[in-house]
Amino acid sequence: MMFRRRRPDGPRRPLAVAASAALAVAAAVLPLATPAAAADPADTTVTVNASAGLGTVSPTALGANTAIWDANMNDPEVSSLYRAAGIGALRYPGGSYADIYHWVDNTAPGGYVAPGTDFDAFMGTVKASGAQPILIANYGSGTAKEAADWVRYANVTKGYGAKYWEIGNEIYGNGVYGSGWENDTHADKTPDQYAREVEAYAKAMKAVDPTVKIGAVLTMPGNWPDGSVATGDTGDWNHTVLAAVAHDIDFVSVHWYPNTGTGAQSLAAVRQLPGELREVRNLVNRYAGADSARIGIAMTEVNSNSGGGAFTSRPNGLFAAEAMITAMENGVFTVDWWDTHNGAGAITTVGGETDYGDMGMLSSGSCTGSVCEPAVNTPFAPYYGIKTLGALSDPGDTMVASGTSGPEVSSHAVLRADGDLSVLLLNQSTTAAHTVNLRYLGFTADSAAPQVRRWAPGDDDLVDATGTATADSVTLAPSSITVLTTHPKSGTGSSAATVGAPGTPQTTSVGASSVTLSWPAADGAVDRYEVYEQLGTGIQLLGSATGTSATIRNLPAGSRHTVNVLARDKAGHLSRPSVPLTFTTGTPDDSTCTVSYQVTSGWGNGFVSDVVVSNVGPADIDGWTLTFDWPSAGQSVSSWWNADVTTDGQHVHVTSTADNARLAPNGGNSAEFGFVGANDGANPAPTAFTLNGTVCRTIS
């Protein structure tokens, strides 16, 4: 019997520095090592900066979904395949099935449950694969007591130590926004009701085991139904839920299906992920405040499409690798592929190979008409894409910045715990090979040939291709992924430092032009700490201090910055970088103007905004110009009213009309205008507005 997950896409519509000790400031981007000489004839340059940290690889980083309708989910071969790929998280009992599933008797009224898929059998696979479970408590037809009883059975009776528990699956798909696929038997289907229930579930489950981590379901920014407000509601799903439960939860769960038509479009869509995940973090920061640092982001489902498409062929393998590592680099602690086995769908030919239209990473052995998949548990392309990420990193490694000069090659890099540097190079071209020249900052490679792991057309697995590259140059086959691992030259880089990485920095205060940072001390005898801002693959020294705090001044109002803290030992060696911190400066409280920017409605890829401009200074204004920049390249203005609007890329220029040109002093009146906008990806609010050359105070 075949069971495939299909979900409707949903509707789409129209520096000066001061610190606790002496500080140093640098005005230029500082390379930390001499770049390697260019290889000839390289057509692409990849630059890796081992001192620009993107975060630590979590033990649960690579994950997969399992499903109770999958009779092969607990096959012994599956555990071995999980382990070989480095998969450290397994989600159960299977997407939307979670909201009809009752763990105590292993039933799912209205759905099919395969033999041998009960919770204890699943936990046997978890243990055999060395993974951790991510469990979905039944919200749709369950209760807080049922979830608490599951926690008791799992962690008290059986001692499984199940840490991560989501409350429901895609509950925003319960019909409240007009499209419904998720079971929800509550009479009240609003986000307010979901928030009330999350509080009740969290209280009941933590009363049994205070160590469990509770996750709430959010919509992915820039994806339907993000921004949608149902009739009678006061806000959209994300704002309503987080306003109520931000202090009761430990992580948020989002799903991402770009729903593109081709492999090239799927890979291009990955560029949206950093902005979308940054918006998730901004929402958590807004509502959780000081608790934000402990709240994680989980992407518990990802695939290139949620309905039908090319799933088992090479393009989706490239997408799996690119999407999952990009999510990890942008603060996600687990990225869980949908799913392990799924079932054959539409049969197509992609790049000369049969695509079985199966969303699983392993074959289920099912058929569409007379065309049957290969033997059960045969890996499909997404499995190999994920396996390249297992070859790139281990839990505890540090992800670092990398960049590429060519549009068809993408790169990702990891500084290993032992000091080695691993670089993943993905050639997106289906026809052209690319020769890459590698440059290193903050890392000096030794003279030995790097270890090379490769998945290219013709390879039947991730193969050892050592000897086909140097530390400085490699040629990439079309539609391939290559992982190079290079040793550091003795006595160089962070492996030579006698101090560890500082702890994760936090902001203790943020102003319009300054920020104060603090961080936990590094292990070892630290000579000083240095704060660096990431500028692509370059870094800029903002300041240094002998203590564990610093104040950075003279920052532009409404500007976003990502920084790492590094420790320097007595011999002058720099440690590996801390986990990054991204912050945005505020706007001046004493400004002579104010601007209120509000999104009044949205539908995932479009929105309506209302803007109110006020003059709170002592002088009259007769005729005004307001300018701002969109934070995301995918944002634009489509139409407007009560003002004249022109744009230049992400820069927006708004001028008054004859009816609202005069702004009386001391807030005597306001000018209000609005526009319809479009967004391809996230839709963050502009961070700074300038009125006739003056930066205004932004009010919410």
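# Cavities, cores and sheets in a predicted model

User: How much space lies in the second largest cavity?
Analyst: The model examined here is a predicted one. In this model, the space in the second largest cavity comes to about 90 Å³.

User: Which helices each supply at least two residues of the lining of that second largest cavity?
Analyst: The lining includes T260, G261, T262, G263 and S266. Also among the lining residues are S304, N305, G309, A310, P315 and N316. Helix α6 spans 263-269, and helix α8 covers residues 314-329. The helices that each give at least two lining residues are α6 and α8.

User: What is the volume of the second largest pocket, and which residues lie nearest its centre?
Analyst: About 350 Å³ of space lies in this pocket. Its lining has 18 residues, and α6 and α8 each supply at least two of them. Nearest the centre lie R314, P315, V350, T430 and S479.

User: Which helix gives the most to the largest nonpolar core?
Analyst: The largest nonpolar core holds 113 residues, and W165, Y194, W256 and M299 touch the most other members. The top helical contribution to this core is 9 residues, and it comes from α8.

User: Which residues does W165 touch, leaving aside those up to four places away in sequence?
Analyst: W165 is one of the residues that touch the most other members of the largest nonpolar core. With residues up to four places away in sequence left out, its contacts include L135, W150, V151, A154 and N155. The others on the list are M205, V212, K213, I214, G215 and F251.

User: How many residues make up the second, separate core?
Analyst: V613, F628, V654 and L663 are among the members of this core. V613 falls within β31, which runs over residues 606-615. The size of the second core is 23 residues.

User: Why is one side of β34 and of β41 left without a neighbour in the sheet?
Analyst: The two strands belong to an open sheet of 5 strands with mixed pairing, in the order β34-β38-β31-β30-β41. β34 (635-641) and β41 (697-699) stand at the edges, so one side of each lacks a neighbour, as each has a single partner strand. From one strand to the next, the twist of this sheet averages 30°.

User: Over how many bridges do β30 and β31 pair, and which residue of β31 stands opposite G602?
Analyst: Strand β30 covers residues 593-602 and β31 covers residues 606-615. They pair in the antiparallel sense over 9 bridges. The residue opposite G602 is F607.

User: Which strands are at the edges of the open sheet of 4 strands?
Analyst: This sheet has antiparallel pairing and the order β26-β25-β28-β29. On average, neighbouring strands are turned by 35° against each other, direction ignored. The strands that pair on one side only are β26 (538-545) and β29 (581-584).

User: What is the bridge partner of V526 in β28?
Analyst: Strand β25 (residues 526-535) pairs with β28 (residues 560-569) in the antiparallel sense over 7 bridges. Within β28, the partner of V526 is D569.

User: Which strands does β24 pair with?
Analyst: A hairpin of 4 residues joins β23 to β24, and T507 has L517 in β24 as its bridge partner. T516 is bridged to T551 in β27. Each pairing is antiparallel over 4 bridges, and the partners of β24 are β23 (residues 506-510) and β27 (residues 549-552).

Definitions and conventions:
Residues numbered from 1 in each chain as written. Predicted model: local features only at pLDDT ≥ 70, side-chain atom pairs only at ≥ 80, totals over all residues. Heavy atoms only, no water. Pairing = 2+ DSSP bridges. Axes fitted to C-alpha atoms, helices over the stretch in contact; angles between N-to-C directions. Core = buried A, V, L, I, M, F, W, Y, C linked by side-chain atoms within 4.5 Å. Buried < 20%, exposed > 50% of the residue type's maximum accessible area, 1.4 Å probe, protein only. Contact = heavy atoms within 4.5 Å. 1 Å grid on protein atoms, 1.4 Å probe; cavity = no way out; pocket = protein on both sides within 12 Å on 5 of 7 lines; lining within 4 Å. Points joined across faces, edges and corners; volume = space filled by probe spheres on them.
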